[in-house]
Amino acid sequence: ASKYKEQDISAVISWKEGQPVPYSLLANTFEAIAGTTKRLEIVALLVSAFRAILATNPPDLLPAVYLCVNRVAPAHTGIELGIGEATLIKAMCEATGKNEASIKKSYEEHGDLGVVVVGARSTQRTMFAPPPLTIASVLKAFQNIAQTTGTKSGDQKRGMIVKLLVAAKGNEPGYIVRSLQAKLRIGLAEQSVLVALSHAVHLHRGGPAALKQPDVKLAEALEAGAQVVKQAYSECPSYDVLVPALLEHGSTDLLSRCHFMPGVPVKPMLAKATNGVGEVLEKFTDIEFTVEYKYDGERAQVHVLDGGKTVHIFSRNAENNTPKYPDIVSRIKGLLKPEVDSIVFDAEAVAYDPEKKKILPFQVLSTRARKDVAVDDIKVQVVLFAFDCLYLNGQSLLHKPLTERRAALYGSLTEKEGELLYASYKTSRDVEELESFLNESVEAGTEGLIVKTLGDTYEPSKRSSHWLKLKKDYMEGVGDTFDVVPVGAFFGKGKRTGVFGAYLLAVYDPDTETYQTISKLGTGFSEEQLSQLAEAMRPHTIPQPRHYYTWDESLVPDVWFDAAVVWEVKAADLSISPRHKAALGLVDPTKGISIRFPRLIRVRDDKSPEDATSAAQVADMFRNQAVIRQQKAQDNQAG
Ligand code: ATP
């Protein structure tokens with residue numbers, strides 16, 4: 001709070017009130033953010049920029065927020081940037097007058113087209129200087145670029161990019177190019193943008209009086225507002241709804257304006273790992289719970305409107321998966337009970353063998369095409385296992401307990417073999433019964449169980465302690481697999497020359513917004529897999545590690561990668577490590593945690609790097625492992 005009192009907003013305002021805010025404000029803010037990893041500082045920098053916008057031209061706040069999160073529309077619309085290198089290099093040549101060879105050479109050297117374009121621009125002179133770029137005009141141009149389709153779209157997109165680059169000054173072209181690639185990569189996470197947004201609006205709406213409050217009071221108000229804004233965004237992840245509502249009414253009552261609505265997917269509720277049935281019973285001593293099969297497929301949040309005339313299917317990451325599942329879409333109407341007009345239910349789509357009436361592993365599902373699927377071409381059948389109901393006939397059920405949501409689910413859909421079934425469940429407190437249900441679930445081809453408290457609400461985007469997973473892995477000591485981000489690689493030797501022989505893996509710490517190394521991975525690969533991985537990872541090579549990576553000087557890889565890909569790995573155990581940085585400070589004040597003997601299970605295309613296993617999860621798993629070891633030791637003594 002004291003930081004905000006000291007901020008001199010007028011110092012950054014170089015434009016007139018009511019005029020469109022120049023893009024340079026954001027470019028300079030990005031530059032400053034890239035220079036720090038301190039979260040509070042990052043938020044303060046953003047707040048300063050947002051306050052300057054609010055003081056002069058509030059409608060520019062929405063486009064500014066989009067540019068900060070590097071998107072042009074809500075995720076579920078599918079409208080996104082991600083312009084390829086080849087197009088960008090051509091546009092850069094045209095805009096700067098440099099030839100392709102020199103741009104490519106500079107790219108090899110710097111590994112970042114943003115740096116290349118800034119360097120290429122500095123010697124370029126233009127005869128007629130175009131007007132300065134504004135925040136609103138840059139977002140508009142990005143939206144047009146993202147939405148241009150058709151046979152000539154390549155040339156048209158390039159033309160629009162050239163125009164932007166010609167008008168860009170100083171450090172601007174760098175951020176334009178990176179944004180176009182959808183790789184802003186300044187270490188700015190969406191949570192920080194949300195916090196900054198709520199702080200800036202609070203200070204703006206409160207006027208000078210807000211700043212005169214004692215620090216403690218102001219800090220409390222800011223914190224409370226930020227919680228509401230984060231909650232509102234998790235229920236209704238659309239800035240088009242959130243920002244205007246916030247501007248007009250502030251955070252009080254925001255949830256009544258900005259709430260879950262069909263057509264806009266919520267980020268799904270997730271589960272925490274446990275170390276076994278014993279822990280579940282202990283945690284939920286006086287709490288009612290139920291256990292369900294944890295199916296191994298793909299999450300499907302199914303939004304049904306107008307009695308089944310409109311159906312949307314969203315992925316775990318709020319992507320629109322409707323074009324992937326025309327078969328599911330076509331069957332929904334027939335599964336609705338007559339009194340259902342609109343419903344949103346949560347389900348797992350699982351590959352299915354209709355002849356043997358058996359579910360199939362995730363690997364089979366992953367062979368299904370993602371786009372433009374025609375029902376007749378479908379080779380992999382899927383069945384839906386429904387497990388939650390988030391909305392029914394005009395009413396959000398997010399704030400209702402699971403018992404009610406389940407009742408709503410069972411009352412709204414009709415089960416049909418091979419099409420839709422309710423997730424198998426059991427409600428029991430008996431250790432043996434639960435253990436045998438776990439074995440049964442694994443034999444049935446699932447990943448194990450999810451334990452859910454019956455009295456709690458749906459918590460969008462949370463890894464909640466009201467949902468606990470019991471995977472078969474827990475018996476081996478490590479409660480779960482890890483989702484890690486390869487951030488570097490070591491050259492292979494001997495037979496592995498030409499490919500990478502080992503990778504440096506990291507987890508993500510959302511609190512510090514850093515990637516922390518957790519292990520080296522170099523065994524268990526087939527030769528074919530090694531070359532496939534090398535090919536997939538090469539385009540992510542960067543010449544320097546990102547400033548938001550933490551690693552040890554004794555383990556510097558031969559090449560560094562952008563945090564871009566998520567791999568699921570299984571490990572033998574976790575140990576305190578002098579060389580790795582995962583969960584640094586959480587279990588040991590000066591040492592991190594590493595995983596031993598990791599093996600790659602699969603590439604997780606459905607996860608973004610920020611969805612990787614978090615530092616806090618690593619710390620939890622480490623503690624769980626200690627408990628299991630103790631139990632085993634006691635059992636051995638007793639036996
Ligand atoms: P995973 O790697 O297993 O997908 P995750 O971190 O993405 O892990 P978890 O919290 O472990 O997610 O588990 C939740 C996921 O499990 C859901 O996103 C969903 O796809 C899947 N799932 C399968 N069956 C169920 C169920 N009965 N209830 C809730 N989620 C289920």
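Two strands pair if DSSP finds at least two bridges between them. Keep that handy, and add one more: helices (H or I, at least four residues) and strands (E, at least two) are DSSP runs, numbered from the N terminus. Residue numbers start from 1 along each chain as its sequence is written. What you have open is a predicted model, where local features need pLDDT of at least 70, side-chain atom pairs count only at pLDDT 80 or more, and totals for chains, interfaces and linings use all residues.

**Stop 1: strand β13**

Select V484 first. Its bridge partner is W567, over in β19. Now widen the selection to the strands themselves: β13 covers residues 482-491, and β19 covers 567-570, with three bridges joining the two in antiparallel fashion.

Next, add β14, residues 500-509, which pairs with β13 in the antiparallel sense over six bridges. Within that pairing, V485 sits opposite A506. Then add β18, residues 559-561, which is antiparallel to β13 and joined to it by two bridges. Here the facing residues are G488 and W560.

How many of the 10 residues of β13 are buried? Eight are, so to speak, under cover. A residue is buried if 20 or more other C-beta atoms lie within 10 Å of its own, exposed if 12 or fewer, and partly exposed in between, with C-beta atoms placed from the backbone.

**Stop 2: an open sheet with a helix on it**

Colour five strands in the order β1-β12-β11-β2-β10 and you have an open sheet with mixed pairing. β1 (270-273) and β10 (425-426) are at the edges with a single partner strand each, so one side of each has no neighbour in the sheet. Inside the sheet, pick β2 (residues 289-293) and β11 (residues 448-453), an antiparallel pair with five bridges. Click on F289 and look for T453, its bridge partner in β11.

Now show helix α19, residues 431-443, which packs on this sheet and touches β2, β10, β11 and β12 (463-471). The direction of α19 makes about 130° with that of β11; axes are lines fitted to C-alpha atoms, for helices over the stretch in contact, and angles run from 0 to 180 degrees between N-to-C directions.

**Stop 3: helix α10**

Go to residues 172-180, helix α10. Nine of its nine residues are buried, so α10 is largely enclosed by the rest of the structure. Among them are Y175, I176, V177 and R178. To see what covers the buried residues, turn on helices including α2 (23-34), α4 (61-68), α5 (85-96), α7 (113-121), α8 (135-147) and α9 (153-167). After α10 comes A182, with a positive phi near 60°.

**Stop 4: the cores**

Which residues touch the most other members of the largest nonpolar core? Select L46, F50, V65, V350 and A386, out of 135 residues in that core. A nonpolar core is a set of buried Ala, Val, Leu, Ile, Met, Phe, Trp, Tyr and Cys residues joined through C-beta atoms within 7 Å. Centre on L46: leaving aside neighbours within four places in sequence, L46 is in contact with T29, C68, S192, V193 and A196. Contact here puts the two C-beta atoms, placed from the backbone, within 7 Å. There is also a second, separate core of 42 residues, including Y548, I593, A612 and M621.

**Stop 5: two loops**

Jump to N393, in the loop between β7 (381-392) and β8 (395-396). N393 is not a glycine, yet its phi is positive, about 40°. With 11 C-beta neighbours inside 10 Å, N393 counts as exposed.

Then try F597, in the loop between β21 (592-596) and β22 (599-603). Its phi is also positive, near 50°, in a residue other than glycine. Is F597 buried or partly exposed? Partly exposed, with 13 other C-beta atoms within 10 Å.

**Zoom out**

The chain holds 21 helices and 22 strands. Its radius of gyration (over C-alpha atoms) is 26 Å, close to the 26 Å from the globule rule for 639 residues, so the chain is as compact as a globular protein of that length; the rule is 2.2 Å times the number of residues to the power 0.38. The C-alpha trace spans about 80 × 65 × 60 Å along its principal axes. Across the 639 residues, 42% count as buried.

As for confidence, the mean pLDDT of the chain is 92, and 97% of its residues reach 70 or more; pLDDT is the predictor's confidence in each residue, from 0 to 100.
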